[in-house]
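These are my notebook entries on a single structure. I record below what I looked up and what I found.

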Amino acid sequence: MTKTLVYIIGAGRSGTTLLDIVLGNAKNAISLGEINRFFRRSGVPPKRKDYSKVYKYWKKIRNDFLSDSDLDIKQLEKEFENNEYHTSWLKCLFKLNSKSYQFLLQKHYQSILRNTHESIIIESSKYPSRAINICNYVANENLEVKFIYLRKDPVSVVKSFEKKGLEQPSKGFLASNLYYLLVNIICQFSVFSIRRKGFVVSKVKYEDLIEKRDLEIRRVGEDLSLNLLELEDKLKKNSPLDTGFLFDGNRIRLKETLHLRTSEANDSIKTGKEIFTRIFNYIVYR
């Protein structure tokens, strides 16, 4: 049976984990979060009890991945860093990834597919380089791959990055602005490349997801040719959303369920910093 992978592209702190959870509540779908951190974490989802459903699910995948080899899963982290980070983007664009990385990427998804019953897999690894690699080395007649490019109001992202004590490291004001601009430029070029390869990409703004949730999900379903009618109904009723089996990502993954709250965004610009952020990131969020 052909399965569908929906890969979410975007910058950190843009709401990719939340979108992953939302889509994972569609019929016959599952949220898997930031799968790209599998090797960094030695195949063990962080902050999960060994009796939890999430831990047990990923333990099966880890055992499956290692079943026919003597690979040291921790040593594979470097292979993925060298082929997926933003610094590897041109390498990915021109298909210059190492043969060992290609093999490991394929093998990892094969383990996931063998141990997943749902037909729609949602992944929020974010990196555009990994998205391109999935197009090049993973998509096949048994796995149809589709993409969502998620953007968020840069003022909100910059404020989020300035906060300390979250799982992702904090950044200063200028560093946050530069990061958001550069990552989204890479994302936009990647989306262009992915579409040229014949893959479908739906563009989503975080604010639309929150404020027009059911309508936005309907549009995404139409873009990606997915049946999201039951999910639309859940969002209209503001029903609790199951957080699924996210391997890693935003700390909201650690809740059993959550409700989408209304947006707290304020379009009025109050400070010189906000004016700078809006102008500086206009090209990627106009």
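**Entry 1. Cysteines**

Is Cys 92 buried or exposed? I note at the outset that the model is a predicted one. Cys 92 has a relative accessibility of 0%, so I enter Cys 92 as buried.

I then searched the whole structure for disulfides and obtained 0. Cys 92 takes part in no disulfide, and the nearest cysteine sulfur, that of Cys 135, lies 11 Å away. A disulfide would require the two sulfur atoms to be within 2.5 Å. Cys 187 is likewise in no disulfide; the nearest cysteine sulfur to that of Cys 187 belongs to Cys 92, at 13 Å. I looked up the accessibility of Cys 187 and found a relative accessible area of 0%, so Cys 187 is buried.

**Entry 2. Helices H6 and H8**

I next examined how helix H6 (residues 128–137) packs with helix H8 (residues 173–196). The axes are 9 Å apart and the angle is about 10°. Because of that angle, H6 is roughly parallel to H8.

Which residues make the contact? On the H6 side I list Pro 128, Ala 131, Ile 132 and Cys 135. On the H8 side I list Ile 186, Cys 187, Ser 190 and Ile 194. By class, the residues of this contact comprise 7 nonpolar, 1 polar and no charged. I add a general remark on spacing: an α-helix has 3.6 residues a turn, so residues three or four places apart point the same way.

**Entry 3. Helix H3**

I listed the buried residues of helix H3 (residues 77–84) and found Glu 77, Phe 80, Glu 81, Asn 83 and Glu 84. These buried residues pack against helix H4 (89–93), helix H5 (99–114) and H6.

**Entry 4. Nonpolar cores**

How many residues does the largest nonpolar core have? I record 51. The residues with the most contacts inside this core are Ile 9, Leu 32, Tyr 57, Trp 58, Ile 112, Phe 147 and Ile 194. H8 gives the most to this core, with 7 residues.

Apart from this core I find another, of 28 residues, which includes Leu 23, Tyr 206, Leu 228 and Leu 235.

I followed Ile 112 further. Leaving out residues up to four places away in sequence, Ile 112 touches Leu 32, Ile 35, Tyr 57, Trp 58, Ile 61 and Ile 121.

**Entry 5. Ile 35**

Ile 35 is among the residues that Ile 112 touches, and I therefore looked up its relative accessibility, which is 1% and counts as buried. Ile 35 sits in the loop between E2 and H2. With residues up to four places away in sequence left out, Ile 35 touches Trp 58, His 108, Ile 112, Glu 123, Ser 125 and Arg 130. I also noted a pair distant in sequence: Ile 35 and Gly 249 are 214 residues apart along the chain, and their C-alpha atoms are 9.0 Å apart.

**Entry 6. Buried charged residues: Asp 64 and Arg 213**

Asp 64 lies in helix H2 (residues 53–66). The relative accessible area of Asp 64 is 17%, so I class Asp 64 as buried. What does Asp 64 touch, not counting residues up to four places away in sequence? I find Ser 111, Arg 114 and Asn 115.

Arg 213 belongs to helix H10 (residues 213–224). At a relative accessible area of 11%, Arg 213 is buried. Not counting residues up to four places away in sequence, Arg 213 touches Asp 208, Leu 235, Asn 238, Leu 260, Arg 261 and Thr 262. Arg 213 and Lys 236 are 23 residues apart in sequence, with a C-alpha to C-alpha separation of 7.7 Å.

**Entry 7. Positive phi**

I closed with backbone angles. Most residues other than glycine have a negative phi.

Arg 13 is not a glycine, yet has a positive phi of about 65°. Arg 13 is placed in the loop between strand E1 (3–9) and helix H1 (16–24). I record Arg 13 as buried because its relative accessibility is 12%.

Asn 28, also not a glycine, has a positive phi of about 60°. I located Asn 28 in the loop between H1 and strand E2 (29–31). Is Asn 28 buried or partly exposed? The relative accessibility of Asn 28 is 40%, so Asn 28 counts as partly exposed.

Methods:
Residues numbered from 1 in each chain as written. Predicted model: local features only at pLDDT ≥ 70, side-chain atom pairs only at ≥ 80, totals over all residues. Heavy atoms only, no water. Buried < 20%, exposed > 50% of the residue type's maximum accessible area, 1.4 Å probe, protein only. Axes fitted to C-alpha atoms, helices over the stretch in contact; angles between N-to-C directions. Helix = DSSP H or I, 4+ residues; strand = E, 2+ residues; numbered from the N terminus. Parallel < 35°, antiparallel > 145°, perpendicular 65-115°, else oblique. Contact = heavy atoms within 4.5 Å. Nonpolar A, V, L, I, M, F, W, Y, C, P; charged D, E, K, R; others polar. Core = buried A, V, L, I, M, F, W, Y, C linked by side-chain atoms within 4.5 Å.
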